[in-house]
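User: I'd like to go through the labels people put on a model like this one. Can you walk me through what earns each label?

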Amino acid sequence: WASATQLDAALLAPPALPQTLAAAPSTPPELRPGSSSPDSMDYDRLNSPSTSAITLELMGHRLHISQDPNSKHLGTTVWDASMVFAKFLEKNSRKGRFCPSKLKGKRAIELGAGCGLAGLGMALLGCDVVTTDQVEVLPLLMRNVERNKSWIAQSNPDSGSFGSVTVAELDWGNKEHIRAVEPPFDYIIGTDVVYSEHLLQPLLETIIALSGPKTKVLVCDFPAQVVLFHPCKGL
Ligand SMILES: C[S@@+](CC[C@H](N)C(=O)[O-])C[C@H]1O[C@@H](n2cnc3c(N)ncnc32)[C@H](O)[C@@H]1O
């Protein structure tokens with residue numbers, strides 16, 4: 001990873017979360033306190049090991065994201081960071097660099113998308129998004145993307161602000177997968193993708209391979225912040 005001085009990094013404070021959102025799980029299901037005992041669960045939570053779908057109001061749309069938090073794959077859970085990121089976009093969409101007039105038609109790619117919430121957020125702001133993950137996660141990701149696209153189109157047929165979302169397999173470091181998505185991108189996004197040391201090298205290589213001189217990278221981890229940097233400056 002580049003040093004802090006090489007990164008044109010801006011720390012962008014996340015929005016205050018509603019109570020239900022703040023209580024969403026941030027650890028794998030098997031490690032969550034009370035995961036084996038439904039009686040001890042707080043039923044006011046937006047998300048829990050027994051939640052199979054999450055409904056989130058975002059930029060005037062109601063998104064429904066299916067998940068399977070009890071599967072062994074991390075990508076089938078909607079992680080806190082993706083909800084923080086989506087709400088961050090909403091909060092910053094009225095003016096500045098995240099308003100739809102600035103993002104309309106920009107190409108964005110989501111790495112390690114899981115259930116796809118963050119990529120849908122970028123598409124709601126007008127981006128043309130390629131949302132990607134490992135092959136095991138793609139069926140659920142495709143289902144979430146297709147259903148939400150069709151709900152958004154039905155509920156607001158005149159909305160010209162929605163960009164587009166397509167789904168692609170992208171295993172970090174896989175040159176064929178990277179070539180197939182046709183870099184460079186204007187934005188590369190990832191939520192809760194920095195969690196394991198051995199994945200950092202392929203993740204960074206992938207970010208650099210997907211980048212051009214003007215690419216911006218947005219990474220969000222919870223309970224940290226949204227970090228924006230330009231990978232090509234100083235590298
Ligand atoms: C903790 S989950 C976060 C999922 C989603 N971004 C979210 O915030 O809800 C980490 C994601 O990274 C993906 N991932 C892990 N290793 C990967 C790799 N080598 N290539 C591509 N994706 C990977 C997983 O499949 C998973 O979807």
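Analyst: What follows is a set of questions about labels, each answered from the values behind it. Bear in mind that this is a predicted model, where local features need pLDDT of at least 70, side-chain atom pairs count only at pLDDT 80 or more, and totals for chains, interfaces and linings use all residues. Residues are numbered from 1 along each chain as its sequence is written, and side-chain values use heavy atoms, with hydrogens and water left out.

User: Let's start with burial. Why is Leu56 called buried?

Analyst: Buried means under 20% relative accessible area, exposed means over 50%, and partly exposed is in between (1.4 Å probe, protein chains only). Leu56 comes out at 6% relative accessibility, so it counts as buried. You'll find Leu56 in strand β2, residues 53-58; helices (H or I, at least four residues) and strands (E, at least two) are DSSP runs, numbered from the N terminus. Its C-alpha is 9.5 Å from that of Lys87, with their positions 31 residues apart in sequence.

User: And what makes Leu103 buried or exposed?

Analyst: Leu103 has 0% relative accessibility, so it counts as buried. Leu103 belongs to helix α3. Its C-alpha and that of Leu124 are separated by 9.8 Å, though the two are 21 residues apart along the chain.

User: How do you know that helix α4 is largely enclosed?

Analyst: Count its residues: in α4 (residues 117-124), eight of the eight are buried, so the helix is largely enclosed by the rest of the structure. Among them are Leu117, Gly121 and Leu124. Just after α4, Gly126 has a positive phi of about 110°.

User: Which label does Asp192 get on the same scale?

Analyst: Asp192 has a relative accessible area of 22%, so it is partly exposed. Asp192 sits in the loop between β7 and α7. Its backbone is worth a look too: phi is near 55°, a positive value in a residue other than glycine.

User: What makes a positive phi worth flagging?

Analyst: Most residues other than glycine have a negative phi, and most peptide bonds are trans. Met59 is another one to flag, with a positive phi of about 50° although it is not a glycine. Met59 lies in the loop between β2 and β3 (61-66).

User: How do you know that the bond between Pro183 and Pro184 is cis?

Analyst: Look at omega, which is about 10° for the cis peptide bond joining Pro183 and Pro184. Pro184 falls in the loop between α6 (175-180) and β7.

User: Why is the Phe88 and Phe98 pair called edge-to-face?

Analyst: Rings of Phe, Tyr and Trp (its six-membered ring) pair if their centres lie within 6.5 Å; planes under 30 degrees apart count as stacked, over 60 as edge-to-face and the rest as tilted. Here the ring centres are 5.4 Å apart and the planes are at 75°, so the pair is edge-to-face. Phe88 is in helix α2 (residues 80-91) and Phe98 in the loop between α2 and α3 (100-103), so the pair ties together parts that are ten residues apart in sequence. Both Phe88 and Phe98 are buried, and together with Phe85 they form one aromatic cluster.

User: What makes Arg107 count as sitting over a ring?

Analyst: The rule asks for NZ of Lys or CZ of Arg within 6 Å of the ring centre and within 35 degrees of the ring normal. The charged end of Arg107 is 4.1 Å from the centre of the Phe185 ring and sits over it.

User: How do you know which strands β7 pairs with?

Analyst: Two strands pair if DSSP finds at least two bridges between them. Three bridges join β4 (residues 107-110) to β7, and the two run parallel; Ile109 stands opposite Ile188. Six bridges join β7 to β8, also parallel, with Gly190 and Val219 as bridge partners. Six of the seven residues of β7 are buried, leaving the strand mostly covered.

User: Last one: what makes a space a cavity?

Analyst: On a 1 Å grid over the protein atoms alone, a cavity is a set of points where a 1.4 Å probe fits but cannot get out; lining residues have an atom within 4 Å of a point. The structure holds one cavity of 30 Å³ or more, and about 50 Å³ of space lies in the largest cavity. Twelve residues line it, and those closest to its centre are Leu111, Gly190, Val193, Ile207 and Val219.

Technical notes
On a 1 Å grid over the protein atoms alone, a cavity is a set of points where a 1.4 Å probe fits but cannot get out, and a pocket is an open set with protein on both sides within 12 Å along at least five of seven lines; lining residues have an atom within 4 Å of a point. Grid points are joined across faces, edges and corners, and a volume is the space filled by probe spheres set on the points.
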